[in-house]
Amino acid sequence: MTDLVIGADGLARCAWGASTPDYAVYHDTEWGRPLRGDDALYERMTLEAFQSGLSWLTILRKRPAFRLAFDEFHLPTVARYDDADVTRLLADAGIVRNRAKIEAAIANARAALELPEGLSTLLWSFAPAPRPARPASFAELAPITPESTAMAKALKKRGFRFVGPTTAYALMQATGMVDDHIVGCHVTRRPAA
């Protein structure tokens, strides 16, 4: 399999983005697009943490249930969750029922609200300078970068959980802090918002 494939619609995509219809929509409309906003970035951070050890496709397909279960990832609401909410979430078959990840999501909402600059500003402060060109293959990409390591370290220092360097880099890719679409992919490069 090459890193770039032509889909049935004639569009060139990063290979993973053409593997299922769900991935194609996500690849074409979200992945790598600059995303700002505390609640929006909190959602992506939370979903990346829940993905740890699982397929992203599993999380993507459960995303509507996650949004419902976590009150659309509204930071002040999730930060107020208590033991009854943890019990409710552990009983919700629509999401990944992992106590440590659920408790981390709540702790992370509380930590995000403590940031004077806000979550979006903090996360984007770790975005590297744009590459002069897109990678020719995924082999050129590392799952951990100095920026993702620094981001993870800064988040942990501020009380965040389940945000190691690999998860931080996946978050950077998903939210357009880096453009890791392969050369020739039809998705247009977008400047950081």
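Let's start at Arg-63, which has its place in helix 3. Keep in mind as we go that this is a predicted model. For a residue with a charged side chain, you might want to check where it sits: buried or exposed? Arg-63 is buried, with a relative accessible area of 8%. Setting aside neighbours within four places in sequence, Arg-63 is in contact with Tyr-26, Glu-30, Glu-43, Arg-44 and Leu-47.

One of those partners, Tyr-26, leads us to the packing of two helices. Helix 1 covers residues 21-29 and helix 3 covers residues 56-69; their axes come within 10 Å and cross at roughly 80°. Angles from 65 to 115 degrees count as roughly perpendicular, and helix 1 and helix 3 are therefore roughly perpendicular to each other. Which residues meet there? On the helix 1 side they are Asp-22, Tyr-23 and Tyr-26, and on the helix 3 side Trp-56, Leu-57, Leu-60, Arg-61 and Arg-63. Sort the residues of this contact by type and you get five nonpolar, three charged and no polar.

Why would Tyr-23 and Tyr-26 both turn up in that list? A general point about helices is handy here: an α-helix has 3.6 residues a turn, so residues three or four places apart point the same way. Both tyrosines are buried, too: Tyr-23 has 14% relative accessibility, and Tyr-26 has a relative accessible area of 3%.

Now for the rings. The structure holds 10 aromatic pairs. In one of them, the ring centres of Trp-16 and Tyr-23 are 5.5 Å apart with the planes at 85°, so the pair is edge-to-face. Trp-16 also pairs with Tyr-26: here the centres are 6.2 Å apart and the planes lie at 55°, so this pair is tilted. Trp-16 belongs to the loop between strand 2 (12-14) and helix 1, while Tyr-26 is in helix 1, so their pair ties together parts that are 10 residues apart in sequence. Trp-16 itself counts as partly exposed, at 24% relative accessibility.

Elsewhere, Tyr-42, Phe-50, Phe-66, Phe-70, Phe-73 and Tyr-81 form one aromatic cluster. Two members of the cluster give us a way onward. Take Tyr-81 to begin with: the charged end of Arg-88 sits over its ring, 5.2 Å from the centre. There is another arrangement of this kind to look at, with Arg-36 lying over the face of Trp-124, at 4.0 Å from the ring centre.

The other way onward is Phe-50, which Ile-102 touches. Ile-102 has its place in helix 6 (residues 99-113) and is buried, with a relative accessible area of 0%. Not counting residues up to four places away in sequence, Ile-102 also touches Val-86, Leu-89, Leu-90, Ile-95, Val-96 and Arg-97. For a backbone distance, try Thr-87: its C-alpha atom and that of Ile-102 are separated by 9.8 Å, and the two residues are 15 apart along the chain.

Next, helix 9, residues 165-174. How many of its 10 residues are buried? Eight are, so helix 9 is largely enclosed by the rest of the structure. The buried residues are Thr-167, Ala-168, Tyr-169, Ala-170, Leu-171, Met-172, Gln-173 and Ala-174. What covers them includes helix 1, helix 2 (38-51), helix 7 (119-124) and helix 8 (146-157). Following helix 9 comes Gly-176, with a positive phi, near 75°.

Zoom in on Gln-173 of helix 9. Gln-173 has a relative accessible area of 16%, which means that this residue counts as buried. Its contacts, not counting residues up to four places away in sequence, are Trp-31, Gly-32, Leu-141, Val-178 and Asp-180.

Val-178 brings us to our last stop, Pro-128, in the loop between helix 7 and helix 8. Pro-128 and Val-178 are 50 residues apart in sequence, yet 7.1 Å apart in space, C-alpha to C-alpha. Beyond Val-178, Pro-128 touches Glu-147, Met-172 and Met-177, again not counting residues up to four places away in sequence. Met-172 is one of the buried residues of helix 9, whereas Pro-128 counts as partly exposed, at 23% relative accessibility.

Key
Residues numbered from 1 in each chain as written. Predicted model: local features only at pLDDT ≥ 70, side-chain atom pairs only at ≥ 80, totals over all residues. Heavy atoms only, no water. Axes fitted to C-alpha atoms, helices over the stretch in contact; angles between N-to-C directions. Helix = DSSP H or I, 4+ residues; strand = E, 2+ residues; numbered from the N terminus. Parallel < 35°, antiparallel > 145°, perpendicular 65-115°, else oblique. Contact = heavy atoms within 4.5 Å. Nonpolar A, V, L, I, M, F, W, Y, C, P; charged D, E, K, R; others polar. Buried < 20%, exposed > 50% of the residue type's maximum accessible area, 1.4 Å probe, protein only. Phe/Tyr/Trp six-rings, centres within 6.5 Å; stacked < 30°, edge-to-face > 60°. Lys NZ or Arg CZ within 6 Å of the ring centre and 35° of its normal.
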